[in-house]
Structure formats: structure tokens, C-alpha cells
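Me: I'm new to this one. Could you walk me through how to read its salt bridges and its pockets?

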Amino acid sequence: MTGMKRSFDVPTLPVDLTAAIERAGYYPALVGDVVSAALAGEEVRSHLVHLETTFDRDVIRRHVTVLVLTPSRLVIAHADDHADEGAGDADGAPAGLAEEVATATTESIPLSAVRGVMLTHVVADPQNYVPGSLGRELTLTLGWGAVSRVDLLPATCGEPGCDADHGYDGTISSDDIALRVSATADGDPALQQAISFAHALSASLGR
């Protein structure tokens with residue numbers, strides 16, 4: 001019937017993952033359903049929920065990324081919002097009014113396709129570093145070949161004053177997703193969860 005909402009049977013997420021999505025506070029019901037649909041009932045071995053706030057001119061935008069490790073896959077869900085300059089709604093709203101729209105995208109990557117897990121630790125006052133602390137900020141970078149970056153620099157022969165053309169040296173790196181987690185901004189539990197997720201994902205590769 002026209003106008004009726006269809007109800008879908010969405011698998012229930014583990015309690016700790018649900019709590020993390022709710023703490024992020026970004027449309028938790030929507031994000032939870034999207035993640036549940038992507039998992040399709042598969043076991044959750046580890047997870048990471050990361051909320052980021054950006055500024056779009058005078059508007060504050062939020063983005064949430066959910067990483068979930070299963071026995072066979074890395075599931076990634078990303079949701080954000082934007083203004084949709086539509087032509088009015090079904091109730092006859094004037095055309096041209098901006099309406100808030102949320103988009104949520106999921107991607108499932110086989111663990112065999114994940115090429116790398118990189119953790120970059122940012123350590124303040126390194127001369128007084130306390131063993132085992134690992135700093136208060138890190139960036140988690142994951143690569144599976146969807147995005148490759150080529151960095152080119154002019155090549156040199158190592159001889160001072162040489163101005164000959166030696167071509168270019170370059171490196172190809174994969175960084176499909178990078179999440180920055182700060183204990184100061186996100187809290188100590190978020191930092192520890194990011195480290196735990198990275199360890200769990202690294203241990204699952206190459207098996």
C-alpha cells in the first residue's frame with residue numbers, strides 16, 4: 001500500500017558495539033541498522049567506532065566510521081550528512097529548500113585482500129617517554145588496494161651542485177582509510193579501543 005513503511009528483519013548487534021555506536025551519537029539507530037545489514041549475522045571479533053566533526057562554511061558536519069572485524073571480513077560503514085537542494089518534498093514544500101539528508105555506505109573487504117595495517121603514534125615530549133604509554137594520539141591507516149597514492153620527487157645523484165636531470169623517484173602507497181584518534185579529544189577508552197582493533201586485525205591477516 002502507498003505510504004506504508006516496510007519493516008526489515010535486521011540482525012541484532014553485540015551489546016558493546018551497539019553501546020559504542022550510541023555513544024558516538026550520530027543517528028545511532030540508522031548506523032546500527034546499516035552495520036547490522038552488512039554483517040548479516042556474522043560474528044563480531046573486534047570493532048572501532050570513530051566520530052569526526054568538520055566545518056562546512058558556517059555549518060558543523062559530523063561523520064561516523066564503524067570498522068568491524070569478522071572471521072572472514074573487514075566491514076566498513078561510513079555515514080555523514082549534507083544539505084540536499086531538492087525540488088520540494090512530497091507534502092508540497094516549496095521547491096529549492098535545503099533538506100538535511102544522511103547517507104550511509106558499507107563496504108566488505110575479505111581479510112585476504114587487506115594489504116596493510118599501519119599505526120602512527122604521536123608522542124609528545126619524547127625525551128621523557130614512559131615505557132608502555134605509546135603516546136596520547138595515533139593514526140590508524142588501513143589499505144586494501146582500493147586507493148593508491150603515488151608520491152614523486154626529483155631524483156638526485158647525491159653530488160652537491162649537480163643540476164642534471166635524473167628523472168624522478170617515486171613510491172606507491174595504499175591508504176584507503178585513515179582515522180586519527182586522540183585521547184585528549186576522544187578519551188582514553190577510544191585510544192585503547194583503536195589499538196586493540198589494530199592488533200586484532202593485524203593478527204587476522206595472512207592466515
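Reply: Sure, and keep in mind that this is a predicted model. Let's begin with a pair of side chains: Arg180 and Glu137 meet in a salt bridge, at 2.9 Å from N to O. The two sit in distant parts of the chain, Arg180 in strand β9 and Glu137 in strand β6, 43 residues apart.

Me: Are Arg180 and Glu137 buried or exposed?

Reply: The general idea is that buried means under 20% relative accessible area, and partly exposed runs from there up to 50%. Glu137 has 19% relative accessibility, so Glu137 counts as buried. Arg180, at 47%, counts as partly exposed.

Me: How many salt bridges does the count come to?

Reply: Four. Another one joins the side chains of Asp188 and Arg136, at 2.5 Å from N to O. Asp188 lies in helix α4 and Arg136 in the loop between β5 and β6, so this pair ties together parts that are 52 residues apart in sequence. Asp188 is partly exposed at 39%, and Arg136 is partly exposed at 45%.

Me: Now the pocket. What is the volume of the largest pocket?

Reply: The largest pocket has a volume of about 390 Å³. It is lined by 15 residues, and the closest to its centre are Ala20, Arg23, Val49, Asp186 and Ala190.

Me: Which element gives the most to that lining?

Reply: That's β1, with five residues. α1, α3 and α4 each supply at least two residues as well. By type, the lining divides into nine nonpolar, three polar and three charged residues.

Terms used
Residues are numbered from 1 along each chain as its sequence is written. This is a predicted model: local features need pLDDT of at least 70, side-chain atom pairs count only at pLDDT 80 or more; totals for chains, interfaces and linings use all residues. Side-chain values use heavy atoms; hydrogens and water are left out. On a 1 Å grid over the protein atoms alone, a cavity is a set of points where a 1.4 Å probe fits but cannot get out, and a pocket is an open set with protein on both sides within 12 Å along at least five of seven lines; lining residues have an atom within 4 Å of a point. Grid points are joined across faces, edges and corners, and a volume is the space filled by probe spheres set on the points. Helices (H or I, at least four residues) and strands (E, at least two) are DSSP runs, numbered from the N terminus. Ala, Val, Leu, Ile, Met, Phe, Trp, Tyr, Cys and Pro count as nonpolar, Asp, Glu, Lys and Arg as charged, and the others, Gly among them, as polar. Buried means under 20% relative accessible area, exposed over 50%, partly exposed in between (1.4 Å probe, protein chains only).
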